[in-house]
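Trainee: Please pick one part of this model and take me through it closely. Then carry on outward from there.

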Amino acid sequence: MLGDKTSGAGPARRALILVENLSVPFDRRVWQECTTLRDAGWTVHVICPRGEKRDTEPEAEIDGVRIHRYPLRAATGGPAGYLREYGSALWHTLRLARKVGPVDVVHACNPPDLLFLPALWLKRRGARFVFDQHDLVPELYLSRFDRGEDLLYRAVCALERRTYRAADVVLATNESYRDVALRRGGQRPEDVFVVRSAPDTNRFQPVPPEPELKRGKPHLLCYLGVMGPQDGVDYALRALAKLRDEFGRTDWHAVFVGGGDTFDAMVELSRRLGLSEQVQFTGRIPDADLARYLSTADVCLSPDPHNPLNDVSTMNKVLEYMVMGRPIVSFDLREARVSAGDAAVYAPANDEAEFAKLIALLLDDPEKRARMGKIGEERINGPLAWRNSQQSLLAAYAAACRDHAPVSAGHPDRAGKRQRR
C-alpha cells in the first residue's frame with residue numbers, strides 16, 4: 001500500500017514542491033508526484049507560477065493538494081529577460097515558502113537550476129532537499145541557443161553543480177540523466193532514483209476515431225508537444241514538404257497540437273512551404289480534444305533533432321503516443337529507443353528525407369501500424385507504467401527522510417543532518 005510509507009501514529013509529513021516553468025496541475029509529471037505523495041499520507045504544498053488561461057487562481061486546494069501561485073511574465077529579449085523572470089520567481093517562491101511554514105522535504109523541479117537557493121533556506125530550517133531534474137540545463141542551453149560553451153554556459157554549469165551539492169536526493173527522469181548525476185554531479189548511487197514520467201492511463205485513453213478530423217484525406221498525421229527551438233517542429237514541416245514533393249504523397253492531413261516560443265514562426269514556415277492547406281495548428285487544446293486527434297491519427301511524429309539534450313531526454317510526446325496505441329516516426333535518439341522500442345521507426349539523425357520516407361512506408365502498411373501501436377500500449381502499461389515510478393518516488397522520499405524527525409511535529413530545529421560524504 002502506498003499509504004504505508006508515512007502511516008502510523010505520528011503526524012503526517014509535509015512536502016513543498018517548487019516549480020518555475022509550468023503551472024500546476026498543468027505540469028502533469030508534478031501533479032502525478034503530488035497525488036502519489038498525498039496518497040502515501042503526505043501533506044503536499046506546491047509553489048508555482050500562475051497559468052495564462054488555466055491555473056490562474058493565486059490559491060487553490062485541488063484533490064487535497066494545496067497550491068500557491070504567483071504572477072510571472074515569461075522571459076523575452078535575451079539574458080536580461082531571463083534575469084527578470086528568474087529574479088521575480090525566486091522572490092515569490094521565498095515569499096510563499098515563508099507562508100507555508102516548516103516542511104520535511106523541499107522538492108525542487110528544474111529548469112532553472114536556481115531553486116536550490118530557496119531549498120537551502122528551507123534546509124537550514126530542517127527540511128531535506130529532493131532535486132527533481134526534469135532537464136539537463138547545460139545541454140538545454142547548448143541545444144536552444146547555439147552559442148557554444150560561452151560565459152553563460154559556464155554559469156549554468158556552476159548552478160547545476162551547486163544544485164547537486166545541496167541535494168540530499170536526486171530524481172532522474174531516465175538512466176541517462178542518472179548517469180549524469182553520478183558522473184557530473186558526484187552523487188552517490190544510493191542517492192539517485194529514476195522516476196520516469198508516464199501518462200495517466202486512467203485519464204488518457206483512446207476514444208473512437210473521427211474520420212472528419214482528416215479533412216477529407218485518407219490519413220491523419222499528428223504532432224503533440226511544445227514548440228520551442230529545440231523541439232524539431234521545423235524538421236517535421238520540412239519532412240512533410242518532402243513527403244509531398246519528393247514522394248508524391250498528398251493523401252494526408254497533419255495536425256500540430258501545442259504551443260511555445262516558436263509557434264508563430266512555425267505557422268509562417270508552414271505557409272512558406274506551401275503546406276497551409278494540409279497542416280493545421282490547433283495551439284493548446286483540452287485533453288478530450290487531444291484524445292480525439294490521437295485516436296484518429298494514423299502516424300504520430302516525434303521530430304526532435306539529435307542534439308546534446310534531446311539524445312538523452314525522454315520525450316513526453318512519445319509516451320503519450322504510445323498510451324494511445326499510435327505508431328511513431330522519430331529521429332534516432334538514444335532515449336527515444338529506450339522509451340518506444342519497436343513502437344517507433346527511426347530515421348538517421350536529422351535526416352528529413354528519410355523521416356518523410358518512413359512516414360510514407362507506414363501509411364502504406366496498416367498491419368505494421370497496428371503491430372507498432374500494440375507494442376506501445378504494452379510497454380506503457382508494463383515496464384514504463386507510472387506505478388513503477390511511484391515506487392521509486394516513495395523510495396526516494398524514504399531515503400531523504402531517513403533518521404529525520406518530522407518538522408511538522410513542531411521541532412523544526414531537531415532534524416538530524418545526514419552526513420553527505
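## From a loop to the sheet and its helices

Mentor: D146 sits in the loop between α4 and α5. Helices (H or I, at least four residues) and strands (E, at least two) are DSSP runs numbered from the N terminus. The model is predicted, so local features need pLDDT of at least 70 and side-chain atom pairs count only at pLDDT 80 or more, while totals for chains, interfaces and linings use all residues. Numbering starts from 1 along each chain as its sequence is written, and side-chain values use heavy atoms, with hydrogens and water left out.

Back to D146. Its phi is positive, about 55°, although D146 is not a glycine. D146 is exposed, with 71% relative accessible area. Exposed means over 50%, buried under 20%, and partly exposed in between (1.4 Å probe, protein chains only).

After that loop comes α5, residues 151–166. Why do its ends agree with the expected span? The 16 residues of α5 should span 22 Å at 1.5 Å a residue, and the end C-alpha atoms are 23 Å apart, which agrees. The expected span is 1.5 Å times one less than the number of residues. Buried in α5 are Y153, V156, C157, E160, T163, Y164 and A166. The cover over these residues includes α3, β6, α4 (137–145), β7 and α6. Contact means heavy atoms within 4.5 Å.

Two of those covering elements, β6 and β7, lead to the sheet. Eight strands form it, open, in the order β3-β4-β2-β1-β5-β6-β7-β8, with mixed pairing. Two strands pair if DSSP finds at least two bridges between them. At the edges are β3 (59–62) and β8 (192–194), each pairing on one side only. From one strand to the next, the twist averages 20°. Axes are lines fitted to C-alpha atoms, for helices over the stretch in contact, and angles run from 0 to 180 degrees between N-to-C directions.

Look at the β8 edge. Strand β7 (residues 169–172) and β8 run parallel, joined by three bridges. F193 in β8 stands opposite L171. Helix α6 (residues 175–183) lies across β6, β7 and β8, at about 170° to β8.

Helix α3 (residues 116–123) lies across β1 (14–18), β5 (105–109) and β6 (128–133). Its run makes about 160° with β6. The loop between β5 and α3 holds P111 and P112. Both peptide bonds here deserve a check. N110 to P111 is cis, with omega near 0°. P111 to P112 is also joined by a cis peptide bond, with omega about 0°.

Helix α14 (residues 386–400) brings in a later stretch of the chain. Its 15 residues should span 21 Å at 1.5 Å a residue, and its end C-alpha atoms are 21 Å apart, which agrees. The buried residues of α14 are W386, S389, Q390, S392, L393, L394, A396, Y397, A399 and A400. Their cover includes sheet strands β1, β5, β6, β7 and β8, and helix α1 (28–39).

Helix α1 contains R28. At 30% relative accessible area, R28 is partly exposed. Setting aside neighbours within four places in sequence, R28 contacts R203, D287, L290 and E320. D261 is 233 residues from R28 in sequence and 20 Å away in space, C-alpha to C-alpha.

Next, a helix pair. The axes of α10 (residues 316–323) and α13 (residues 366–380) come within 7 Å and cross at roughly 110°. That makes α10 roughly perpendicular to α13, a class that covers 65 to 115 degrees (under 35 is roughly parallel, over 145 roughly antiparallel, the rest oblique). In α10, L319, M322 and V323 meet G376, E377, R379 and I380 of α13. These contact residues divide into four nonpolar, one polar and two charged. Ala, Val, Leu, Ile, Met, Phe, Trp, Tyr, Cys and Pro count as nonpolar, Asp, Glu, Lys and Arg as charged, and the others, Gly among them, as polar.

Two loop residues close the tour. R249 is in the loop between α7 (233–245) and β10 (252–257). R249 counts as buried, at 12% relative accessibility. Beyond its neighbours within four places in sequence, R249 is in contact with H219, L243, R244, A360, L363 and D364. N350 lies in the loop between β14 (344–347) and α12 (352–363). Its phi is positive, about 65°, although N350 is not a glycine. N350 is partly exposed, at 28% relative accessible area.
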